[in-house]
Amino acid sequence: MAFPVYISDPGSNYHDNQRQFDAMDVWASIHCASYIGHSVNDVSDVSVQWDEIGEYLFTDEKDALLFTLKWK
């Protein structure tokens, strides 16, 4: 079973967003043993608030919570 964590785009432009999403990916790879990976989805066509949403997947709920506490 996978535990997803969704993070909205953190920056004000595309390049800042990608750097932040990548930084979260590296952090999760180092600190969360159950980290599976991430994907970034463009939601600009359906959302007026965000351009992208990052989805980070974990197999252990504790790692998902640790990641959430760090990045949300």
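Is tryptophan 27 buried or exposed, and at what relative accessibility? In this predicted model, tryptophan 27 has a relative accessibility of 16%, so it counts as buried, since the cut-off for that word is under 20%. To see what surrounds this residue, let us start with the sheet and work our way back.

The sheet is open and has three strands, arranged in the order 1-3-2 with antiparallel pairing. Strand 1 (3-8) and strand 2 (35-42) are the edge strands; each has a single partner strand, so one side of each has no neighbour in the sheet. If you compare the directions of neighbouring strands, ignoring which way they run, they are turned by 20 degrees against each other on average. Look now at strand 1 and strand 3 (residues 52-58): they run antiparallel and are joined by six bridges. Within this pairing, you can find proline 4 opposite leucine 57 of strand 3.

Next come the helices. Helix 1 (residues 14-31) packs on the sheet and touches strand 1, strand 2 and strand 3. Its direction makes about 5 degrees with that of strand 3. Helix 2 (residues 61-71) also packs on the sheet, where it touches strand 1 and strand 3. The direction of helix 2 makes about 10 degrees with that of strand 1.

With these elements in place, we can turn to the aromatic rings. Searching the whole structure gives six aromatic pairs. One of them brings us back to our opening residue: tryptophan 27 and phenylalanine 67 form a tilted pair, with 6.3 Å from centre to centre and 50 degrees between the planes. This pair links distant parts of the chain, as tryptophan 27 belongs to helix 1 and phenylalanine 67 to helix 2, 40 residues apart. Phenylalanine 67 has 0% relative accessibility and therefore counts as buried.

Phenylalanine 67 also pairs with tryptophan 71, again in a tilted arrangement, at 6.5 Å centre to centre and with 40 degrees between the planes. Because these two residues are four residues apart in helix 2, about one helical turn separates them. Tryptophan 71 has a relative accessibility of 22%, so it counts as partly exposed. Over the face of tryptophan 71 lies lysine 70, at 5.5 Å from the ring centre.

Finally, step back and view the rings together. Trp27, Tyr35, Tyr56, Phe58, Phe67 and Trp71 make up one aromatic cluster. So the buried tryptophan 27 of our opening question is a member of that cluster.

Key:
Residues numbered from 1 in each chain as written. Predicted model: local features only at pLDDT ≥ 70, side-chain atom pairs only at ≥ 80, totals over all residues. Heavy atoms only, no water. Pairing = 2+ DSSP bridges. Axes fitted to C-alpha atoms, helices over the stretch in contact; angles between N-to-C directions. Contact = heavy atoms within 4.5 Å. Phe/Tyr/Trp six-rings, centres within 6.5 Å; stacked < 30°, edge-to-face > 60°. Buried < 20%, exposed > 50% of the residue type's maximum accessible area, 1.4 Å probe, protein only. Lys NZ or Arg CZ within 6 Å of the ring centre and 35° of its normal.
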